[in-house]
Amino acid sequence: MNFLNPFVLFGLIAASIPLILHLLNLRKMKTVEFSSLKFLKELQKSKIKSFKIKQILLLILRTLIIASIVMAFARPAIPTSLPFFQTYSKTSAIILIDNSFSMDVSDANGNRLKQAKNTAIKIINSLKEGDEVMLSELNANDSPSSLSYSKNFDFIKDKINKLQAKSTPANLNSTLKSISDFSASAANLNKSLFIITDAQKNIFDIKSKDTANLLSSFNNCYFVVIGGDNDADINNLSLDSLNVITSIFNYKKIVELELFVKNFSNNEIKDAVVSMNYDSNNVAQRSFTVPAKQNISVAIGSPIQSYGPTTVKLELEPDALNWDNSRYFGFNVAKQPRILIIGSHQGIDYIAKALQAVSSANDFANIDIIDNQKLSTISLDQYDIVITSNSNMSQNDANRLYSYIDQGGSCLLFPSNDYQSTNITLQRLGFGQADFREFAPTDAVRITSIDKNHPLFDGVFKINDNNNDIESPQLTKIIPPKSGIAIINTPVGNLLTENRIGDGRILYISSIPESNWGNLPFTGIFPTLVYRAVIYLTSSNEISQMAYPGDNVVVNLSKKFNSDSYKLVDPLGNQSYISPIRLANSLVLNLNKLDMLGIYTIYDSKSNFVKQVAVNFLPSESDLHSTDDTYIKEYLTKALGSKTSLYILNKPEKIDSEIIRATVGTELWQLFLILAIIFAIIEMIVQKTAKREASIEV
């Protein structure tokens, strides 16, 4: 039994008033002394008993009158129909429809989202004049200002018919919180909540471990499971995730990927095909077989075909659910890097020749060469990388170089013949105090180890290569640093060391490429080392920032970008402009909620590429199995309160009868009002009879 006006039940306390008055009257009775016992003899014992019974009966009747009146005002209702008492209770209904992309699958009963729409329209058709209804999608994107009750049922039906599947995952907890105020402000006492969903486990995801806790605002909650009674196996492959193996993205270099594909069906799926696309152009394909209920990895790759930002789309062939067949990421290949070389002519010549030996200078980069005296006149910000070779820097020069790197610049640093100048530069750039070491040609320093897993050497060495296969230079002079990340080692310290300052990177080679420091510029490793260092420092090793639909995306910007406005281009090419948020030590962009699957690209005010954000589907949306009823009941009981009547329906076609049982069933206030009148009439009759019998002539 439900009470549409339960607070009136506190009035049942008033039912104790007749008992209290009866007890008080007993205490007021006085003893009367008679001069004769003849009156007592005349009083018949049967009349005394009859009088007492009638007094108790009056007490019971008066209590029942009060209780019946209170029950009538509390408006009790039961989910069955009784003859002559069948009534309709005006209803305020809230309908939540799950339109996440998992609902866009078809089973034996047809498309699940269409089934959900038809169920919602059945609910609307069951409403009557005086009812009101509110419609909301079952996700966290509806703001309270966009929600409202309506008595225009045709308008709500039109909204239902226009609902489309979305990439945004459903979240029941967030949606219940957003509608909590509306349940309390409903115009009608009978408040019903309808949740129409495929009941995936992820819709109950409670990241904060805090349920909505709406208490008993709703009288009834109908949880309608779409597809819950369909045992047909749905063949669905999902491109769950990807691992980018390539660490440096360079023009014509192969991008290697490891894809993870999951089979959610009970059948093995043979000869499935995945395609790799660069900016909508198919560049590679792989076929594979996935065992039932298994997750496998698939390797795929293709050379980069253009400069600039690239959108990579991995795509499976169409199946029962196409939304989870695609996954995106992006990378950027900078155009010809602008290189500034500073230092002595001999070192500069060897560096330039090293770059030309690997790739034509005209195709590879734009190179400017200056001597030390012109350094103070050059704006470093116009270059992607600064290479110093035997450059005698002052403290001011070192400070300028530090600021350039901190703002996102790169530097390939060689020492100088001036040991003091080298130490000034190394200490300012975070390598610490360095010691100058000199050896006889017979005791020249050689390489002892190389970190072959460093991105600088990506694709350079074979797996079974060892250090003995590498032509090591013989160094007679070396200035190894005290700190930094070691990449190439010698017995006396690092030959190649990496350090980071702010948004920039530095590679320090501890020996000058000149003949009086050893044979470094004449070895096979030198041109590879210089070329790879330039590629590593000027190429992006950063893939797109990852996000799920509906996430609040915050992008941290490099210090080299300093625009007042940034352009955001969505996957369809639509443009919008965003102002950055300036914090104490950083610059950020708040992109709010990105709902479209694909790559969002950010540019600064000068149309320079800044960053990419890849929005991919939530993997848990691919699991099309519904949650068991026990878990659903436990969750809803905790969220809505134990006083809300719960109905879990695995057959949506029965929603009509369930609504009728709750809203049209039986409201018993008329019955209790009739009982109150009957008890009052009986009380009047009994009271008159009791008064006559009490009139005893003395």
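## Sheets

In this predicted model, four strands form an open sheet in the order β12-β11-β14-β15, and their pairing is antiparallel. Its edge strands are β12 (281-290) and β15, each pairing on one side only. Neighbouring strands of this sheet are turned by 20 degrees against each other on average, direction ignored. Within the sheet, β14 and β15 run antiparallel and are joined by eight bridges. One pair can be picked out by name: Leu314 has Arg327 in β15 as its bridge partner.

A second open sheet has five strands, ordered β26-β33-β32-β28-β29, and its pairing is mixed. Here β26 (545-547) and β29 (575-578) are the edge strands, and each pairs on one side only. The twist from one strand to the next averages 25 degrees. The edge strand β26 pairs with β33 in the parallel sense, over three bridges. Gln545 has Val613 of β33 as its bridge partner.

Strands of a sheet pair through backbone hydrogen bonds, either parallel or antiparallel. The table gathers four strand pairs and a bridge from each.

| Strand pair | Sense | Bridges | A bridge pair |
|---|---|---|---|
| β14 and β15 | antiparallel | eight | Leu314 and Arg327 |
| β26 and β33 | parallel | three | Gln545 and Val613 |
| β7 and β8 | parallel | six | Ser192 and Asn220 |
| β8 and β34 | parallel | five | Cys221 and Leu646 |

## A buried strand

Strand β8 (residues 220-225) deserves its own look. How many of its six residues are buried? Six of the six are, so β8 is largely enclosed by the rest of the structure. Buried here means under 20% relative accessible area.

In a regular strand the side chains alternate between the two faces of the sheet. In β8, Asn220, Tyr222 and Val224 point one way. Cys221, Phe223 and Val225 point the other way. Residues on both sides are buried.

β8 also has named neighbours. Six bridges join β8 to strand β7 (residues 190-197), and the two run parallel. Ser192 is bridged to Asn220 in β8. Five bridges join β8 to strand β34 (residues 645-649), again in parallel. There, Cys221 is bridged to Leu646 of β34.

## The nonpolar core

In soluble globular proteins, nonpolar side chains tend to be buried together. The largest nonpolar core in this model holds 39 residues. Ile339, Ile387, Leu412, Ile488, Leu496 and Leu507 have the most contacts inside it. Several elements each supply at least two residues of this core, including the strands β16 (338-343), β18 (385-389), β23 (485-490) and β24 (493-501), and the helix α7 (345-358). Which element gives the most to this core? That is α11, with 10 residues.

## Pocket and cavities

The largest pocket contains about 1,600 Å³ of space. Its lining has 47 residues, and those closest to the pocket centre are Asp384, Gly408, Lys560, Phe561 and Phe609. By type, the lining divides into 12 nonpolar, 22 polar and 13 charged residues.

Elements met above return here. β14 (308-316) and β15 (326-333), from the four-stranded sheet, each supply at least two lining residues of the largest pocket. The same holds for β25 (504-509), α11 (525-538), β27 (552-557) and β33 (609-615). β33 gives the most to this lining, with four residues.

The model also has three cavities of 30 Å³ or more. The second largest cavity holds about 70 Å³ of space. Among the residues that line it are Thr388, Met393, Phe414, Pro415 and Thr422. Helix α10 (residues 419-428) gives the most to the lining of this cavity, with four residues. Its lining residues divide into five nonpolar, six polar and no charged.

## Two unusual backbone angles

Most residues other than glycine have a negative phi, and most peptide bonds are trans. Two residues here have a positive phi. For Lys293, phi is near 60 degrees. Lys293 is found in the loop between β12 and β13 (295-303). Its relative accessibility is 40%, so Lys293 counts as partly exposed. For Asn592, phi is near 55 degrees. Where does Asn592 sit? Its place is in strand β31 (residues 587-593). Asn592 is partly exposed too, with a relative accessible area of 45%.

Key: Residues numbered from 1 in each chain as written. Predicted model: local features only at pLDDT ≥ 70, side-chain atom pairs only at ≥ 80, totals over all residues. Heavy atoms only, no water. 1 Å grid on protein atoms, 1.4 Å probe; cavity = no way out; pocket = protein on both sides within 12 Å on 5 of 7 lines; lining within 4 Å. Points joined across faces, edges and corners; volume = space filled by probe spheres on them. Nonpolar A, V, L, I, M, F, W, Y, C, P; charged D, E, K, R; others polar. Pairing = 2+ DSSP bridges. Axes fitted to C-alpha atoms, helices over the stretch in contact; angles between N-to-C directions. Core = buried A, V, L, I, M, F, W, Y, C linked by side-chain atoms within 4.5 Å. Buried < 20%, exposed > 50% of the residue type's maximum accessible area, 1.4 Å probe, protein only.
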